[in-house]
Amino acid sequence: MRTSYTGVDLRETGAHGVSGVYEVVRALATAVLIVTVAVVFLFRSATVQGSSMYPTLEDGDRLVLASTVFRYERGDIVVVHRAGKEPLVKRIIALGGDTLDIDFERGTVTVNGEVQNEPYIAAPTHLEYSDGPVFPFTVPEGKVFVMGDNRNDSLDSRSSMVGLIDQNDILGTMLIDLNKTEAK
């Protein structure tokens, strides 16, 4: 009967072998727990519906979101929760305290007196909603103003149907578009 494997007497390691297996199982269980917590609390996924974020995102694109962001920045792509409705995927244009103006004839967006360079939009911003805010206006603290990148085919904060977004309704910011596998 063979009692050794690579020079170790297996009769002497019986209890140690069980504890070694226990340590491996414990390490795997800990890793699974950490990954589960990260996925549940730190990251989320969302799917783009529609063409309002074209050309940056397309209908059906799958996104990975950071869901624990507490500080948002202009330009962040966010997913917004809306009770009883599909989530919205939009870009933050102005934050609480920012003064926003849109010149619909020229198609320009101005934040705090500075015309924004927006290379990501499909076309200049000419679509104005009759029920939207009167520009210029200051975004209240705790709120954000969002628009789609396809400005002339986007239902967003320019309309009272969406309006200003409470920061508490933001599910997360986009990290990765899985369809393009590009990091933000």
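Here are legends for a few close-up views of this predicted model.

**View 1. The largest nonpolar core brings together 12 residues.** Phenylalanines feature here, with Phe-104, Phe-135, Phe-137 and Phe-145 among the members. Other members include Ile-93, Leu-100, Val-109 and Met-147. Strands E6 (88–95), E7 (99–103), E8 (108–111) and E11 (143–147) chip in at least two residues each. Another core, of 11 residues, lies apart from this one; Tyr-72, Val-78, Ile-92 and Ile-165 are among its residues.

**View 2. Gly-107 sits in the loop between E7 and E8.** With a relative accessibility of 8%, Gly-107 counts as buried, because the cut-off for buried is under 20%. Beyond its neighbours within four places in sequence, Gly-107 touches Pro-124, Thr-125 and His-126. Thr-125 is 18 residues away along the chain, yet its C-alpha atom is 4.2 Å from that of Gly-107.

**View 3. Arg-74 and Asp-98 pair up in a salt bridge.** Their closest N and O atoms are 2.8 Å apart. Arg-74 is in the loop between E4 (62–66) and E5 (77–80), while Asp-98 is in the loop between E6 and E7, so the pair ties together parts 24 residues apart in sequence. Asp-98 is buried at 6% relative accessible area, whereas Arg-74 is partly exposed at 40%.

**View 4. Glu-23 and Arg-26 form a salt bridge within helix H1 (residues 14–42).** The N to O distance is 4.0 Å, and the two residues are 3 apart, about one turn of the helix. Both partners are partly exposed: Glu-23 at 40% and Arg-26 at 47%.

Note on methods
Residues numbered from 1 in each chain as written. Predicted model: local features only at pLDDT ≥ 70, side-chain atom pairs only at ≥ 80, totals over all residues. Heavy atoms only, no water. Core = buried A, V, L, I, M, F, W, Y, C linked by side-chain atoms within 4.5 Å. Buried < 20%, exposed > 50% of the residue type's maximum accessible area, 1.4 Å probe, protein only. Helix = DSSP H or I, 4+ residues; strand = E, 2+ residues; numbered from the N terminus. Contact = heavy atoms within 4.5 Å. Salt bridge = Lys/Arg side-chain N within 4 Å of Asp/Glu carboxyl O.
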